[in-house]
Amino acid sequence: MAACGRGLCRAVSASPRPAWRQAHWEARGNLKPEYDAVVIGAGHNGLVAAAYLQRLGVSTAVFERRHVIGGAAVTEEIIPGFKFSRASYLLSLLRPQIYTDLELKKHGLRLHLRNPYSFSPMLEEGTGSKAPRSLLLGADMAENQKQIAQFSQKDAQAFPRYEEFMNCLASAIDPLLDVAPVDLTAFQRGPLLQRVRSLATLKPLLQAGRILGPQLPLYYEVLTAPIAKVLDQWFESEPLKATLATDAVIGAMASPHTQGSGYVLLHHVMGGLEGMRGAWGYVQGGMGALSDAIASSATTHGASIFTEKAVAKVQVSSDGCVRGVVLRDGTEVRSKVVLSNASPQVTFLKLAPQEWLPEEFVERISQLDTQSPVTKINVAVDRLPNFLAVPNAPGGQPLPHHQCSIHLNCEDTLLLHQAFEDAMDGLPSHRPMIELCIPSSLDPTLAPPGCHVISLFTQYTPYTLAGGKVWDEQERNTYADKVFDCIEAYAPGFKASVVGRDILTPPDLERIFGLPGGNIFHGAMSLDQLYFARPVPLHSDYRCPLRGLYLCGSGAHPVSDHPAYRLSDLELWTWTPLEQETWRGPGSAVIGVPGGGVMGAAGRNAAHVVFSDLKSMRP
């Protein structure tokens, strides 16, 4: 279509922003020589931490190295006229309380809920004049059963029981994620008051036990077993199993046959939006609009946010306490505490002085598993993809399946495993797993009239290629062409509709967004890197061996996307009524705030720890 500018460049490399691309975020506040708290990185977790600290009267400044705030939750106009959620692209686990705590709706946040939410078209031959089958899932259970019955009547009958089973497990685990990990050291050697406070963290464990009851061994298997084993016990049809399995491996260097992949599935079904469990939605204006709303909430209360101000190092006094940061331009900014929204590797191996950190701690940080299978491709098109399974409407308007997460090369769990094995050999998958989303199907503000933006979340692509190859422009384009060929098989004409593309391999995601190894979670979600052991054992409470330095990003507990930390009344009783109201909300029960991933829990939890520590410093 002419409106899309067919003369535009066909490919955009993962290079610095074009000259015409202007930063949309201006520095908020004048830089002062001293603050109570400094936050390194304006990713959404850092912004959440700043917003809560500033609301509690802690003078806070945020320093971001890029020209735009949000970390991976950004909106960027990579191709003129097309606004992309360049890295993260969907929202789910944001609990309602964060809207009220940070007044995000007042600050411009708008959501588009998706229903239906999952579409898996099949590649089928020999069907004659009949269209290939597809699997469309949404909030209507009866309609879901009709869709599943195309492949198996038995699975259609089992699906409601499976959903009930998983929802029960999610309900049991939910309160566990709303508290910090149980502090075993405090139980054994802490002062009496600290031991009493630690008792409060046992309550959710008891609640979970009551909910799960005698079926606890079955639920334990879901958390520890390969998701393929779990799904085989429930279903027989491969299209349904493969569709469900995508949530167990997405973003993870794991196969459906990998131990513990069942936990990752649970991680992705625990969320919800506006009262709908498991619902995922698009943020109007792209994911950067979420970050902008959080930043607006923070600056309204006095926080200062600066872009293109990279932190070079954390400053430490002679007695081993943090005393601020030094920016890359040489500016020194003093502070009582520093919160790092960067990954644990960047924080402790690059920014913090090594001489102040225990050797064992540094070694553990350097050994963290950060493997990522993800290559994200952002695509501008001049028309909607036209799938053989469900042809487009005559007028070209979006149909229900266009708003979904569209799963390609997902007819069989064996396909997912084979794609994983390719990456284990150092090769990009021959048939990559593709999650295709079209946010402009619900939010037309993202693209010119008649045009659309498409997010391709693809895997598996290893960080290091076999045979000494590197992810240069040729390798990027070769892989993207392979992905486009796969889409073309499901939706003929797709390649001809492409106006431009932005290809982000694991090294690109690391370089641009600071994601270690390209890992969207700042580290693998394996069972040995969760809860007590995130980022490393004995350091899961946001504090670090260096006094005054805190982690507040996804590399801390809770792992990315999880809601976490509920303040206990035992901890709140020392706070003033105003401070308690700021944390709880007026007249509310003790609440949790969403976090991690694109939720902010790690930032909010770290802010609580920092505030408590700052209170203990007061005369």
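How many disulfides does the structure hold? The count is 0. This answer comes from a predicted model, and two of the cysteines help to put it in context. Cys404 has its closest cysteine sulfur in Cys437, at 8.8 Å, which is too far for a bond because a disulfide needs the two sulfur atoms within 2.5 Å. Cys404 is also buried, with a relative accessibility of 0%. Cys168, in turn, is partly exposed, at 22% relative accessibility.

A view of the whole protein is a helpful place to begin. The chain folds into 21 helices and 22 strands. Of its 619 residues, 61% are buried. The accessible surface amounts to about 24,000 Å², and carbon and sulfur atoms account for 55% of that area. Contacts often reach across the sequence: among those between residues at least 6 apart, 73% join residues that are at least 24 apart.

Helix α1 makes a good first stop. This helix covers residues 44–55, and its 12 residues should span 16 Å at 1.5 Å a residue. The end C-alpha atoms of α1 are indeed 16 Å apart, in agreement with that expectation. Most of the helix is covered, with 11 of its 12 residues buried. Among the buried residues are His44, Asn45 and Gly46 at one end, together with Tyr52, Leu53 and Gln54 further along. After the helix comes Gly57, which has a positive phi near 85 degrees.

The strands on either side of α1 in the sequence can be considered together. Strand β1 (residues 34–40) and strand β2 (residues 60–63) pair in the parallel sense, with 4 bridges between them. Within this pairing, Val38 stands opposite Ala61 in β2. In a regular strand, side chains alternate between the two faces of the sheet. Strand β2 shows two such sets: Thr60 and Val62 point one way, while Ala61 and Phe63 point the other way. Are these four residues buried or exposed? All of them are buried.

A hairpin follows further along the chain. Strand β3 (residues 75–79) is largely enclosed by the rest of the structure, since 4 of its 5 residues are buried. Strands β3 and β4 run antiparallel and are joined by 3 bridges. Glu76 stands opposite Phe84 in β4. The two strands of this hairpin have 2 residues between them, and Gly81 in the turn has a positive phi of about 90 degrees.

Charged side chains add another set of links. Side chains of opposite charge can pair when their charged atoms come close. How many salt bridges does the structure contain? The count comes to 20. One of these salt bridges joins Arg334 to Glu34, with the closest N and O atoms 3.3 Å apart. Arg334 belongs to strand β14 (residues 332–340) and Glu34 to strand β1, so that distant parts of the chain, 300 residues apart, are linked. Both partners are partly exposed: the relative accessible area is 39% for Arg334 and 43% for Glu34.

Helix α1 takes part in a salt bridge as well. Arg55 and Glu103 meet through their side chains, with an N to O distance of 3.2 Å. Arg55 lies in α1, whereas Glu103 lies in the loop between α2 (96–102) and β5 (111–113), and the two are 48 residues apart. Glu103 is partly exposed, with a relative accessible area of 30%.

A third salt bridge is formed by Arg86 and Asp502, whose closest N and O atoms are 2.8 Å apart. Arg86 sits in the loop between β4 (82–85) and α2, and Asp502 sits in strand β19 (residues 498–504), so this pair ties together parts that are 416 residues apart in sequence. Are these two partners buried or exposed? Arg86 is buried at 4% relative accessibility, and Asp502 is buried with a relative accessible area of 0%. The link extends beyond these two residues: salt bridges with shared partners join Arg66, Glu76, Arg86 and Asp502 into one network. Glu76 thus returns to the picture, as the residue opposite Phe84 in the pairing of β3 with β4.

Notes. Residues numbered from 1 in each chain as written. Predicted model: local features only at pLDDT ≥ 70, side-chain atom pairs only at ≥ 80, totals over all residues. Heavy atoms only, no water. Buried < 20%, exposed > 50% of the residue type's maximum accessible area, 1.4 Å probe, protein only. Contact = heavy atoms within 4.5 Å. Areas by Shrake-Rupley, 256 points an atom, 1.4 Å probe, with all protein chains shown as cover. Expected span 1.5 Å × (residues − 1). Salt bridge = Lys/Arg side-chain N within 4 Å of Asp/Glu carboxyl O. Pairing = 2+ DSSP bridges.
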